[in-house]
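User: I would like to go through a few local features of this model, with the reasoning spelled out for each. Please take them one at a time.

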Amino acid sequence: MALTKDSKKAIVEKFARFAGDTGSPEVQVAILTHEINELNEHLQTHIHDFHSKRGLFMKIGRRRNLLKYLKSQDAQRYTALINELGLRR
């Protein structure tokens with residue numbers, strides 16, 4: 001259920017703006033989206049796992065704040081990111 005080093009490295013390489021970039025909003029949102037998708041799959045089978053549900057809501061809130069920040073800074077990067085990740089916005 002946790003993000004493995006290989007999958008995290010692949011996400012960072014795909015969404016990094018430059019070599020060694022791990023802190024840009026694009027990378028953070030991509031990692032959070034992957035974790036959110038995994039938690040959604042977990043909660044499909046374990047409906048009463050309220051601790052994981054709380055963690056899911058916290059990750060969704062963090063992703064929402066990062067997307068809001070990215071939209072206010074650079075709308076083109078924002079639209080490119082949500083299209084690539086397949087988010088509804």
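User: Is serine 72 buried or exposed?
Analyst: In this predicted model, serine 72 is part of helix α3, which spans residues 50–73. Its relative accessibility is 54%, and because the class of exposed residues begins over 50%, serine 72 counts as exposed.

User: Which residue provides the backbone oxygen that the side chain of serine 72 reaches?
Analyst: Serine 72 sits in helix α3, and its side chain makes a polar contact, for which the N or O atoms must lie within 3.5 Å. The distance here is 2.7 Å, and the backbone oxygen belongs to tyrosine 69.

User: How are α1 and α2 oriented to each other?
Analyst: The axes of helix α1 (residues 5–15) and helix α2 (residues 25–45) come within 9 Å and cross at roughly 140°. Roughly antiparallel would require an angle over 145 degrees, and roughly perpendicular one of 65 to 115. The two helices, α1 and α2, are therefore oblique.

User: Which residues of α2 make the contact with α1?
Analyst: The crossing of the two helices, α1 and α2, is right-handed. On the α1 side the contact is made by Lys8, Ile11, Val12 and Phe15, and on the α2 side by Glu26, Val27, Ala30, Ile31 and His34.

User: Which side chain is joined to that of glutamate 26 by a polar contact of 2.5 Å?
Analyst: Glutamate 26 lies in helix α2 and, at 7% relative accessibility, counts as buried. Leaving aside residues up to four places away in sequence, glutamate 26 touches Phe15, Arg17, Leu70, Arg77 and Leu81. The polar contact of 2.5 Å joins its side chain to that of arginine 77.

Conventions
Residues are numbered from 1 along each chain as its sequence is written. This is a predicted model: local features need pLDDT of at least 70, side-chain atom pairs count only at pLDDT 80 or more; totals for chains, interfaces and linings use all residues. Side-chain values use heavy atoms; hydrogens and water are left out. Helices (H or I, at least four residues) and strands (E, at least two) are DSSP runs, numbered from the N terminus. Buried means under 20% relative accessible area, exposed over 50%, partly exposed in between (1.4 Å probe, protein chains only). A polar contact is a pair of N or O atoms within 3.5 Å; within protein, one must be able to donate a hydrogen and the other to accept it, and residues adjacent in sequence count only if both atoms are side-chain atoms. Axes are lines fitted to C-alpha atoms, for helices over the stretch in contact, and angles run from 0 to 180 degrees between N-to-C directions. Angles under 35 degrees count as roughly parallel, over 145 as roughly antiparallel, 65 to 115 as roughly perpendicular and the rest as oblique. A crossing is left-handed if the near helix is turned anticlockwise from the far one by less than a right angle, and right-handed if clockwise. Contact means heavy atoms within 4.5 Å.
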